[in-house]
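User: I'm new to this structure and would love a close look at one part of it. Could you pick up the strands towards the end of the chain and then show me how the surroundings fit in?

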Amino acid sequence: GGEMTLDAGAATAAVQRIADAMGLPDARTAAAGIVDIVNENMFGALRLVSVQQGYDPRDFALVAFGGAGPLHANALGRLMGSWPVIVPPSPGVLCAYGDATTSLRNEAARTFIRRFSETSDAEVAAGLRELATEARSVLDEEGVAGDEQQVSWQVDVRYQGQGFEVPVEVEPVLLDAPGALDEIGRRFDAEHRRLFMFDLDAEHEVVNLRAVVQARPAHVAAPELASGGPDPSPARTDTTSVWIDGTELEAGLYDRARLLAGNLVPGPAVITEMDSTTLVLPGHAATVDRIGNLVIRPQEA
């Protein structure tokens with residue numbers, strides 16, 4: 001937000017020591033390498049929750065939050081092939097916002113190791129209902145009305161002899177349906193194929209039963225921005241020098257609080273706000289949507 005004065009000379013001197021130790025030509029090369037390593041580490045973490053879970057990241061948008069997330073988000077979108085990259089308003093306080101609007105939640109679980117042939121739909125349903133009653137009691141004590149409580153169930157399933165299990169969601173309508181265990185087994189096979197690219201011709205085994213009871217979420221309306229058309233120049237405050245892909249470029253400097261719905265901010269650009277800074281890379285542009293999200297996409301050549 002511009003309220004802190006950065007000591008560029010001290011930062012350059014600190015990074016220059018790294019450049020000297022690594023035999024690099026200058027501080028900017030070292031700084032770019034540091035940022036590249038950070039981006040690659042974040043890329044690895046994103047692969048862990050996407051590719052390694054059976055999801056193609058190109059099928060998803062990428063949401064950036066935290067004070068530093070928007071600084072790296074455009075580069076991560078480029079590495080992942082995930083578009084658009086979405087930077088919500090006030091990303092640096094998104095966790096605090098979530099904490100202020102989150103719902104009370106309680107979970108009850110029970111070990112229940114049975115092969116499917118050793119149990120029944122009724123026995124599993126009875127166990128899940130008992131756990132729901134147990135989980136509800138905590139929300140009752142917190143004064144949450146019964147009609148404000150939402151219940152969901154999970155059954156952890158594995159193939160007999162496996163050393164790990166996979167949770168399977170069980171909707172209330174399935175709880176009393178005939179052949180519930182058969183359907184749970186089919187869902188487990190499908191999820192196992194998605195995660196590991198194969199399933200087994202082996203008997204299914206229940207490992208755990210789980211009930212989750214949650215109060216209805218709070219509904220907070222997002223304020224809508226006034227429409228401003230594609231020209232973002234009223235929000236442009238200055239220019240700044242950026243070093244990207246081995247080249248020094250002049251980037252537009254924008255005050256996010258002044259951006260309006262429909263504004264299109266072309267890269268390279270730096271968009272500042274109180275709690276974060278968003279970098280828009282060359283060849284990309286950020287569109288401001290009606291509730292103030294920055295929606296970053298590659299520009300067509």
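**A closer look at the paired strands**

Analyst: Let's start with a parallel pair: β8 and β10 run parallel and are joined by 4 bridges. One contact to look for here is Leu253, whose bridge partner in β10 is Val270. Please keep in mind that this is a predicted model.

From β8 we can step back to β7. Strand β7 covers residues 236-244 and strand β8 covers residues 247-255; the two run antiparallel, with 8 bridges between them. Trp243 has Glu248 in β8 as its bridge partner. The two strands form a hairpin with 2 residues between them, and Asp245 in that turn has a positive phi of about 55°.

On the other side of the story, β10 also pairs with β11. Here residues 269-272 (β10) and residues 277-280 (β11) run antiparallel and share 4 bridges. A hairpin of 4 residues links β10 to β11, and Thr272 is matched with Thr277 in β11. So far, then, β8 is paired with β7 in antiparallel fashion and with β10 in parallel fashion.

How does the annotation describe this stretch? An unreviewed UniProt entry places the feature "domain: Acetophenone carboxylase-like C-terminal" at residues 123-289. Over residues 123-289 the chain is 37% strand and 24% helix, and the C-alpha atoms at the two ends lie 50 Å apart.

Next, the nonpolar interior. The largest nonpolar core has 31 residues, and the members that touch the most others are Trp153, Val155, Ile184 and Leu209. Elements giving two or more residues to this core include β4 (149-159), α7 (180-196) and β6 (204-215). Helix α5 provides the largest share, 7 residues.

Charged side chains add another layer. Side chains of opposite charge can pair when their charged atoms come close. The structure holds 20 salt bridges, and a few are worth finding on your screen:

- Arg105 and Glu107 meet through their side chains at 3.6 Å, N to O. Glu107 counts as partly exposed because its relative accessibility is 40%.
- Arg105 and Glu107 also belong to a network of salt bridges with Asp156 and Arg210.
- Glu123 and Arg114 form a salt bridge whose closest N and O atoms are 3.7 Å apart. Glu123 is partly exposed at 31% relative accessibility, and Arg114 is partly exposed at 28%.
- Asp199 and Arg193 meet in a salt bridge at 2.5 Å, N to O. Asp199 is partly exposed, with 32% relative accessibility, and Arg193 is partly exposed as well, with a relative accessible area of 40%.

Finally, let's visit the beginning of the chain, where some nonpolar side chains sit on the surface. Ile18, Met22, Leu24, Ile34 and Val38 make a nonpolar surface patch of about 410 Å². The elements giving two or more residues to this patch are α1 (8-22) and α2 (27-48). Ile18 is found in helix α1 and counts as partly exposed because its relative accessibility is 40%.

For a first tour, you could trace β7 into β8 through their hairpin, cross from β8 to its parallel partner β10, and follow the hairpin from β10 to β11.

Methods
Residues are numbered from 1 along each chain as its sequence is written. This is a predicted model: local features need pLDDT of at least 70, side-chain atom pairs count only at pLDDT 80 or more; totals for chains, interfaces and linings use all residues. Side-chain values use heavy atoms; hydrogens and water are left out. UniProt positions are given in the numbering used here, feature names are shortened, and annotations may be inferred rather than shown by experiment. Patches are made of residues with over 30% relative accessible area and no salt bridge: like charges are joined within 9 Å, nonpolar side chains (Val, Leu, Ile, Met, Phe, Trp, Tyr) within 5 Å. Accessible areas come from the Shrake-Rupley method with a 1.4 Å probe; for residues, only the protein chains shown count as cover. A salt bridge is a side-chain nitrogen of Lys or Arg within 4 Å of a carboxyl oxygen of Asp or Glu. Buried means under 20% relative accessible area, exposed over 50%, partly exposed in between (1.4 Å probe, protein chains only). Two strands pair if DSSP finds at least two bridges between them. A nonpolar core is a set of buried Ala, Val, Leu, Ile, Met, Phe, Trp, Tyr and Cys residues joined through side-chain atoms within 4.5 Å.
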